[in-house]
Amino acid sequence: MGYGSDIYRQAFEAVKQRRLKAEAVQRETYSKLCRLRPRISEIDHQLSSLGVQAAKAAAVGESVFDIKKEYDKLSAEKGRALSELGISPDRLEPHYECKECNDTGYVNGSPCSCVERLARDIAYGRLNSTAPAKLSDFSSFNLEYYSDRPLENGDVPSKIMTDNFMFAMEYASKFSLSSKSVLFMGPTGLGKTHLSLAIAKSVIDKNYGVIYGSAQDFMRKIENEHFGRESGDALGTLLECDLLIFDDLGTEFNTAFSVSVLYNIVNTRLLYSRPTIMSTNLTLKEIEDRYGERVLSRIIGSYFIKKFCGEDIRKIKAFG
Ligand SMILES: [Zn+2]
């Protein structure tokens, strides 16, 4: 996936810092060792000068037999000195984080997969840093806030919310790229964001790329980028991430642009089978009025739809 050039610059810079750090640690280890056994540094100097001599001799067709014999003798002496100190020879090599590219960022002239991973983390980190809430978890979700008394329509909040909670836990634990998308519906303060972010946390822990945030923040960013007020590719990242948590649909400023962006997100992610979790205070009818029949029919046709009910938890916490 392509990211902005500043993201790649940042990723390559991070790889370079890793490399410099690994090499600094290696130099430090080596100089400590030489303070402990100065003979090791002498041997290394002799070995490198023998290497040069051997290359010169080979270039003019002379025998390197004696040089090699001396080289092997000194190497063996160095090996003995290290083993007396209990140090394995590979401790003297730099320990790079990425074994593919030795923290150079390139393999055969192309960017290494570690750079792609870093670029992804940077892009996700930038978007997720604007998220409205910290990641929640399932253990802090309290079902006692939901009443056993049936509502006017016969729904029993405690039962429905227990079902929703179990659904979210199972969805998170079984999450894969072929998971279905989900719509959490219901009034404010019933835990839609909490369960969405608990799923996000659990899916991130499985190393999937998850983007989470409010519709308002996402739309503002996409619009700013579209009209050249900000740089980046927020829309591309939203379309391509493994799981998108799109919170509070309907709270964003409603324009023809935001409606077409939402359709693009819903449609593209379904087309490529990428799961999305949306939450909204809107009813299905309101979704249709606001975003049109095309968006509604895709959601109804392909999403799990979970209705939340009960009393606003924030009010119960404040006054209960
Ligand atoms: Zn690498």
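# Exercises on Strand S7 and Its Surroundings

Lys307 is located in strand S7. Helices (H or I, at least four residues) and strands (E, at least two) are DSSP runs, numbered from the N terminus. Residues are numbered from 1 along each chain as its sequence is written. The model is predicted: local features need pLDDT of at least 70, side-chain atom pairs count only at pLDDT 80 or more, and totals for chains, interfaces and linings use all residues.

## Exercise 1: Lys307

Determine whether Lys307 is buried, partly exposed or exposed, and list its contacts outside its neighbours within four places in sequence.

**Solution.** Step 1. A residue is buried if 20 or more other C-beta atoms lie within 10 Å of its own, exposed if 12 or fewer, and partly exposed in between, with C-beta atoms placed from the backbone. Lys307 has 16 other C-beta atoms within 10 Å and is therefore partly exposed.

Step 2. Two residues are in contact if their C-beta atoms, placed from the backbone, lie within 7 Å. With neighbours within four places in sequence left aside, the contacts of Lys307 are Ile160, Met185 and Gly186.

Step 3. Lys73 is 234 residues from Lys307 along the chain, and the C-alpha atoms of these two residues are separated by 78 Å.

## Exercise 2: The sheet

In what order do the five strands of the open sheet stand, and which strands are at its edges?

**Solution.** Step 1. The order is S4-S5-S6-S3-S7, with parallel pairing. Two strands pair if DSSP finds at least two bridges between them.

Step 2. The edges are formed by strand S4 (210-214) and strand S7 (303-307); each has a single partner strand, so one side of each lacks a neighbour in the sheet.

Step 3. On average, neighbouring strands of this sheet are turned by 10° against each other, direction ignored. The axes behind such angles are lines fitted to C-alpha atoms, for helices over the stretch in contact, and angles run from 0 to 180 degrees between N-to-C directions.

## Exercise 3: Strands S3 and S6

Describe how S3 pairs with S7 and with S6, and state how many residues of S3 and of S6 are buried.

**Solution.** Step 1. Strand S3 (residues 181-185) pairs with S7 in the parallel sense over five bridges. Within S7, Phe304 is the bridge partner of Val182, and Lys307 is that of Met185.

Step 2. S3 also pairs with strand S6 (residues 276-280), in the parallel sense over four bridges. Val182 stands opposite Ile277 in S6, and the bridge partner of Phe184 in S6 is Ser279.

Step 3. Five of the five residues of S3 are buried. Ser181, Leu183 and Met185 lie on one side of S3, with Val182 and Phe184 on the other, so both faces are covered.

Step 4. In S6, five of the five residues are buried, so this strand is largely enclosed by the rest of the structure. Thr276, Met278 and Thr280 point one way from S6, while Ile277 and Ser279 point the other way.

Step 5. Strand S5 (residues 243-249) runs parallel to S6 and is joined to S6 by four bridges. The partner of Leu249 in S6 is Thr280.

## Exercise 4: Two helices

At what angle do helix H10 and helix H11 pack, and which residues make the contact?

**Solution.** Step 1. Helix H10 (residues 284-291) and helix H11 (residues 293-302) pack at about 140°, and their axes are 7 Å apart.

Step 2. Angles under 35 degrees count as roughly parallel, over 145 as roughly antiparallel, 65 to 115 as roughly perpendicular and the rest as oblique. H10 and H11 are therefore oblique to each other.

Step 3. H10 contributes Leu284, Ile287, Glu288 and Tyr291 to the contact, and H11 contributes Glu293, Val295, Leu296 and Ile299.

Step 4. Ala, Val, Leu, Ile, Met, Phe, Trp, Tyr, Cys and Pro count as nonpolar, Asp, Glu, Lys and Arg as charged, and the others, Gly among them, as polar. The residues of this contact comprise six nonpolar, no polar and two charged.

## Exercise 5: Positive phi

Where do Asn108 and Asn207 lie, and what are the phi values of Asn108 and Asn207?

**Solution.** Step 1. Most residues other than glycine have a negative phi.

Step 2. Asn108 has a positive phi of about 50° although it is not a glycine. Asn108 belongs to the loop between strand S1 (106-107) and strand S2 (110-111), and is exposed, with 6 other C-beta atoms within 10 Å.

Step 3. Asn207 has a positive phi near 75°. Asn207 lies in the loop between helix H6 (192-205) and S4, and counts as exposed with 8 C-beta neighbours inside 10 Å.
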